[in-house]
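Please open the structure in your viewer and keep the sequence beside it, since this tour moves from one selection to the next and says at each stop what is there.

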Amino acid sequence: MRVRVRLFASLREAVGREEVDLELPAGATAEQAWAVLAREHAGLAGRRPRLTAAVNRRYAPFDTRLSDGDELVFVPPVSGG
């Protein structure tokens, strides 16, 4: 299945793109998608503990199963005031 991953802020800077399409096995989770992305982009190493995920514009736990065509966003910590 194919999933579109959108990247923002420091994640976009680390990958050098704002979107990445991933080919994943059927039934893959957001956690598995992150693992694939982090393997392909070394600049993402160590960032997982501070991220949240959203699937199709709704916050979701990392054990959420993905479907073909889903949009997945990994949300980095937000700071500022």
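The stops below go from the sheet to its charged face, and then to the nonpolar core. Please keep in mind throughout that this is a predicted model.

**The sheet as a whole**

Begin by showing the strands alone, and you will find 5 of them in an open sheet of mixed pairing, in the order β2-β1-β5-β3-β4. The edges are held by β2 and β4 (58-60), each of which has a single partner strand, so one side of each is left without a neighbour in the sheet. If you look along the sheet, the twist from one strand to the next averages 35 degrees.

**Strand β1 and its two partners**

Next select β1, which covers residues 2-7. On one side β1 is joined to β2 by 5 bridges, and these two strands run antiparallel; β1 is also joined to β5 by 4 bridges, and here the strands run parallel. For landmarks in the first pairing, find Arg-2, which stands opposite Glu-23 in β2, and Val-3, whose bridge partner in β2 is Leu-22. For a landmark in the second pairing, find Arg-4, whose bridge partner in β5 is Glu-71.

Which residues of β1 make up its covered face, and which its uncovered one? Val-3, Val-5 and Leu-7 form the covered face, while Arg-2, Arg-4 and Arg-6 form the uncovered one. In a regular strand the side chains alternate between the two faces of the sheet.

**Across the uncovered face**

Now show the side chains of the three arginines, Arg-2, Arg-4 and Arg-6, on the uncovered face of β1, and follow each of them towards β2.

Start with Arg-2, whose side chain meets that of Glu-23 in a salt bridge, at 2.8 Å from N to O. Because Glu-23 lies in strand β2 (residues 19-23) and Arg-2 in strand β1, this pair ties together parts that are 21 residues apart in sequence. Glu-23 counts as exposed, at 52% relative accessibility, whereas Arg-2 counts as partly exposed at 44%.

Move on to Arg-4, which forms a salt bridge with Asp-21, the closest N and O atoms being 2.9 Å apart. Asp-21 belongs to strand β2 and Arg-4 to strand β1, so this pair ties together parts that are 17 residues apart in sequence. Both residues are partly exposed, Asp-21 at 32% relative accessibility and Arg-4 with a relative accessible area of 37%.

Then select Arg-6 and Glu-19, whose side chains meet in a salt bridge at 3.8 Å, N to O. This pair again links distant parts of the chain, with Arg-6 in β1 and Glu-19 in β2, 13 residues apart. Arg-6 counts as partly exposed at 24% relative accessibility, and Glu-19 counts as partly exposed at 31%.

**The wider network and Glu-71**

With these six residues still displayed, add Arg-57 and Glu-71 to the selection, for Arg-2, Arg-4, Arg-6, Glu-19, Asp-21, Glu-23, Arg-57 and Glu-71 are linked in a network of salt bridges. The count of salt bridges comes to 8.

Is Glu-71 buried or exposed? Glu-71, which lies in strand β5, counts as buried, because its relative accessibility is 18% and the limit for that term is under 20%. Leaving out residues up to four places away in sequence, Glu-71 touches Arg-4, Arg-6, Ala-54, Val-55, Asn-56 and Arg-57.

**The nonpolar core**

For the last stop, hide the charged side chains and turn to the largest nonpolar core, which has 23 residues; Leu-22, Leu-24, Trp-34, Leu-37, Leu-72 and Phe-74 have the most contacts inside it. The elements that give two or more residues to this core are β1, α1 (9-15), β2, α2 (30-40), β3 (52-55) and β5 (71-75), and the largest share, 5 residues, comes from α2.

Finish by selecting Phe-74 and displaying what surrounds it: apart from neighbours within four places in sequence, Phe-74 is in contact with Val-5, Arg-6, Leu-11, Ala-30, Ala-33, Trp-34, Leu-37, Leu-51, Thr-52, Ala-53 and Phe-62.

Terms used:
Residues are numbered from 1 along each chain as its sequence is written. This is a predicted model: local features need pLDDT of at least 70, side-chain atom pairs count only at pLDDT 80 or more; totals for chains, interfaces and linings use all residues. Side-chain values use heavy atoms; hydrogens and water are left out. A salt bridge is a side-chain nitrogen of Lys or Arg within 4 Å of a carboxyl oxygen of Asp or Glu. Buried means under 20% relative accessible area, exposed over 50%, partly exposed in between (1.4 Å probe, protein chains only). A nonpolar core is a set of buried Ala, Val, Leu, Ile, Met, Phe, Trp, Tyr and Cys residues joined through side-chain atoms within 4.5 Å. Contact means heavy atoms within 4.5 Å. Two strands pair if DSSP finds at least two bridges between them. Axes are lines fitted to C-alpha atoms, for helices over the stretch in contact, and angles run from 0 to 180 degrees between N-to-C directions.
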